[in-house]
Each structure stands twice: as structure tokens, then as C-alpha cells.
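Got the viewer open? Load the model, switch on side chains, and keep the selection box handy.

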Amino acid sequence: MRFQISGKQIDIGEALQSHVQETLGGTVGKYAGRPTDASVYFSKSAHEYVCEANVHLSTGLNAAAKAHATEIYAAFDAACEKMDKQLRRYKRRLKDHHKDREQPVEVSEASSYILAAETENADSEPESLQPLIVAEMETKIPSLSVGEAVMQMELAGSPVLVFRNEKKDGLNVVYRREDGNIGWIDP
């Protein structure tokens with residue numbers, strides 16, 4: 001498994017890097033047989049350290065965990081525990097969904113844009129109906145079944161996931177509703 005360990009204005013020493021590789025590698029190895037990439041990002045927010053861990057599995061799924069603590073090792077350990085809990089919870093589903101999958105999930109490229117928020121007075125008319133683009137990025141759209149998409153969204157902790165439906169070969173969206181249920185848009 002490849003590790004990318006970095007920090008924002010924090011010196012990440014060799015001891016912390018080896019601790020991250022051993023602990024996260026062991027945790028992910030228990031539940032996912034073929035993890036490919038792991039990125040761990042440390043930052044500081046006021047008096048607390050923040051640890052964000054993302055693991056990309058060979059099946060195409062991503063698992064993400066984030067934790068805060070007053071010490072950097074404690075922040076990582078808390079994020080690792082969250083990752084362990086997520087993967088343990090979905091171990092059966094991961095096995096069931098990917099037992100027949102011999103090839104990794106196909107991914108297609110797409111453009112992603114960040115639009116500026118409107119800060120003007122709500123009563124005034126906007127100068128233009130075209131939104132101001134703040135940033136352009138490349139994103140990946142996986143080709144999944146609906147069940148895999150819901151699992152991917154929950155593992156990543158994201159509120160929405162756009163995916164290509166394997167059965168209908170069209171773009172679909174799954175999202176978390178305000179009532180806690182999952183919504184699925186199938187055009």
C-alpha cells in the first residue's frame with residue numbers, strides 16, 4: 001500500500017510516519033485485502049490537531065475518517081478507530097458486493113467547478129446570470145451499482161455521490177436526505 005503522509009505547517013517526523021504506516025496498514029489490512037493508496041493529512045486548528053485519513057481500495061471504494069485531539073498521535077489514533085469502525089461495519093457488504101467483481105471499478109473523468117457564493121444584497125438584481133467560477137478541478141465518476149454507490153457515499157462520509165449506473169449505463173445520483181434516508185436520482 002502506498003502512503004502519502006503530509007502536514008500543513010506541521011513537521012511530520014519519521015516516528016509519526018512509521019506509526020501511521022503500521023497502524024493504518026494493519027487496520028485496513030484486516031478488512032480490505034487489497035488497499036492501494038492511503039493519504040493522511042495533519043493540520044492544526046487552534047489548540048487541536050486535526051487528522052484526515054483517506055484510503056482508496058482496489059475495488060474503487062474510498063473510506064474517509066477525520067478526528068480532532070490535543071495531541072497529534074491521539075488525533076491519528078481517533079481517525080484510525082473511525083476508519084476501523086467504518087470498515088468493520090461494511091466488511092460483510094464489501095465482501096458481498098465485490099465477490100464477483102474481478103476488475104477494479106471503471107472511472108471516467110469529469111470537470112468539477114467551485115462557484116462563488118452570492119454576497120450581494122438579496123433585494124438587488126445580479127449584474128449577470130453567469131456565476132463566477134472560483135476554481136476548476138478534475139473529478140472521477142465511478143461506474144457502480146446503486147448498492148455500491150450508497151456504500152461508497154457512506155464510507156466516504158459525503159452527502160452526495162454522482163456515479164455511472166452499471167446496469168443502465170447512465171449518470172445517477174445518490175444523496176443523504178434531511179430525514180436521514182438515502183435518495184436516488186435515476187434520470
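What follows is a walk from selection to selection, with a note on what is there at each stop.

Before clicking, know that this is a predicted model, where local features need pLDDT of at least 70, side-chain atom pairs count only at pLDDT 80 or more, and totals for chains, interfaces and linings use all residues. Residues are numbered from 1 along each chain as its sequence is written, and side-chain values use heavy atoms, with hydrogens and water left out.

**Stop 1: helix H1**

Select residues 14–31, which make up helix H1. Helices (H or I, at least four residues) and strands (E, at least two) are DSSP runs, numbered from the N terminus. H1 has 18 residues, and at 1.5 Å a residue it should span 26 Å; the end C-alpha atoms are 26 Å apart, which agrees. That expected span is 1.5 Å times one less than the number of residues.

Now color by burial: buried means under 20% relative accessible area, exposed over 50%, and partly exposed in between (1.4 Å probe, protein chains only). The areas themselves come from the Shrake-Rupley method, and for residues only the protein chains shown count as cover. Leu16, Val20, Leu24, Thr27, Val28 and Tyr31 are the buried ones in H1. Look down the axis: these buried residues fall within an arc of 90°, so they line one face of the helix. The arc is taken from the directions from the helix axis to the C-beta atoms. As background, an α-helix has 3.6 residues a turn, so residues three or four places apart point the same way. Spin to the other side of H1 and you'll find Glu14, Ala15, Glu22 and Lys30 exposed.

**Stop 2: a salt-bridge network**

Keep Lys30 selected and add Asp84 and Arg88: the three are linked in a network of salt bridges. A salt bridge here is a side-chain nitrogen of Lys or Arg within 4 Å of a carboxyl oxygen of Asp or Glu, and by this rule the count comes to 6. Zoom in on Asp84 and Arg88, whose closest N and O atoms are 2.8 Å apart. Both sit in helix H2 (residues 72–89), 4 residues apart, or about one turn of the helix. Is Asp84 buried or exposed? Asp84 is buried, at 12% relative accessible area, while Arg88 is partly exposed at 46%.

**Stop 3: two more salt bridges**

Next, pick Asp186 and Lys168, which form a salt bridge with the closest N and O atoms 2.7 Å apart. This pair ties together distant parts of the chain, 18 residues apart: Asp186 is in the segment after strand E9 (182–185), and Lys168 is in the loop between strand E7 (160–165) and E8. Asp186 is partly exposed at 30%, and Lys168 counts as exposed at 55%.

Then try Arg177 and Asp179, whose side chains meet in a salt bridge at 3.0 Å, N to O. Arg177 is partly exposed at 39%, and so is Asp179 at 47%.

**Stop 4: the cysteines**

How many disulfides does the structure hold? It holds 0, taking a disulfide as a pair of cysteine sulfur atoms within 2.5 Å. Select Cys51: its nearest cysteine sulfur is that of Cys80, 8.6 Å away. Cys51 is buried, with a relative accessible area of 0%, and Cys80 counts as buried too, at 6%.

**Stop 5: positive phi**

Turn to the backbone and select Gln9, which has a positive phi of about 55° although it is not a glycine. Gln9 is in the loop between strand E1 (2–7) and H1, and it is exposed at 81%. Ala46, also not a glycine, has a positive phi near 60°. Ala46 lies in the loop between strand E2 (35–45) and strand E3 (48–57) and is exposed at 68%. For a glycine, go to Gly157, just after H4, with a positive phi of about 70°.

**Stop 6: a nonpolar patch**

Finish on the surface with Tyr113, Leu115 and Ile133, a nonpolar patch with about 300 Å² of accessible area together. Patches are made of residues with over 30% relative accessible area and no salt bridge, with like charges joined within 9 Å and nonpolar side chains (Val, Leu, Ile, Met, Phe, Trp, Tyr) within 5 Å. Leu115 belongs to strand E5 (residues 107–115) and is partly exposed at 46%.

Terms used:
Areas by Shrake-Rupley, 256 points an atom, 1.4 Å probe, with all protein chains shown as cover.
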